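Biologist: Could you take a close look at one part of this model with me? I am new to this, so please go step by step.

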Amino acid sequence: KLFAVGRILNILGVFGVVSGATAVAIATMSSISILTGIPLDGENIAASQGLFATILIVIAADFSVYWIHRMHHEVDFLWPFHSVHHSAEVMSPITIYRKHPMYDLIAVILKSLLIGIVQGIILIFVFDGVDMITIGAANAFYFMFNMLGSNFRHTHIWIDYGRVIDHIFISPAQHQIHHSRAPEHIDKNHGEVFALWDWMFGTLYVPNKKEVLEFGIVDEFGDAIQQPHGTLKDALVEPFLSSRKAFEARSALSRQTGTGND
């Protein structure tokens, strides 16, 4: 049911991220050009430079996606919308489609902004800017490649690349660990294509051998939570209620802290 609800939104979301991130990247380069005096000369890059620019655009996109994914795990009022995906107790290639529509909406906005800004900063200082067609095509390639790889990453089959490659690319086994309830697996392997970001920022978990895993979500004490999204209604409504509680609790704590300081 979530698959049916989310498909149209997801398709629109991909186009939204590609166009949004591209527009933000162009705006970022233009702004830096105005502030620093660096001329925008990206229209004249050679073919070999265009290939290098494409690689940098893809790397910048995946770096940004890592942080947006991690943010949904660590920000208490964003987590409820992402928890719909993690409450899956069985992994399969279609688990990727078990997502709350609000998660897709928030992700489109955040990805467009962060990916575009990171790409714009890198490209203007490396190439004096890159044309919109190159950026848009590279972003489209990344998101289509990532969409196809998402089904593979969510397979129920333990597929591990080995310790060396597991430090570079996220394997299906590593993504299964990302969904695991085990305490040592919580908030590990946030990367989508590259494992490099997890390795760099301390969230990488590389298995030594095949592990027996239980999937689902846990509370703050690490205890398994009974399935909160057993129906379509629950899956759509419960995250809003939990997000509101988290936001209200955060606001109350902020007020208490402010009063205490006075």
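Modeller: Let's start with Ala138 in this predicted model. Its relative accessibility is 2%, and buried means under 20%, so Ala138 counts as buried. This residue lies in helix H5. Leaving aside residues up to four places away in sequence, Ala138 touches Thr54, Ile57 and Val58. Compare that with Val164: Ala138 and Val164 are 26 residues apart along the chain, and their C-alpha atoms are separated by 27 Å.

Now let's look at how H5 sits against another helix. Two packed helices are described by the angle between their axes and the distance between the axes. Here the partners are H4, residues 101-127, and H5, residues 132-153. Their axes come within 13 Å and cross at roughly 130°. That angle is why H4 is called oblique to H5. The crossing of H4 past H5 is right-handed.

Which residues make the contact? From H4 come Lys111, Ile115, Gln119 and Leu123, and they meet Ile135, Asn139 and Phe143 from H5. Sorted by type, the residues of this contact are four nonpolar, two polar and one charged.

You can also check H4 by its length. H4 has 27 residues, and at 1.5 Å a residue it should span 39 Å; the C-alpha atoms at its ends are 37 Å apart, so the two values agree. Finally, look just after H4: there Asp128 takes a positive phi of about 60°.

Technical notes. Residues numbered from 1 in each chain as written. Predicted model: local features only at pLDDT ≥ 70, side-chain atom pairs only at ≥ 80, totals over all residues. Heavy atoms only, no water. Axes fitted to C-alpha atoms, helices over the stretch in contact; angles between N-to-C directions. Helix = DSSP H or I, 4+ residues; strand = E, 2+ residues; numbered from the N terminus. Parallel < 35°, antiparallel > 145°, perpendicular 65-115°, else oblique. Left-handed = near helix turned anticlockwise from the far one by under 90°. Contact = heavy atoms within 4.5 Å. Nonpolar A, V, L, I, M, F, W, Y, C, P; charged D, E, K, R; others polar. Buried < 20%, exposed > 50% of the residue type's maximum accessible area, 1.4 Å probe, protein only. Expected span 1.5 Å × (residues − 1).
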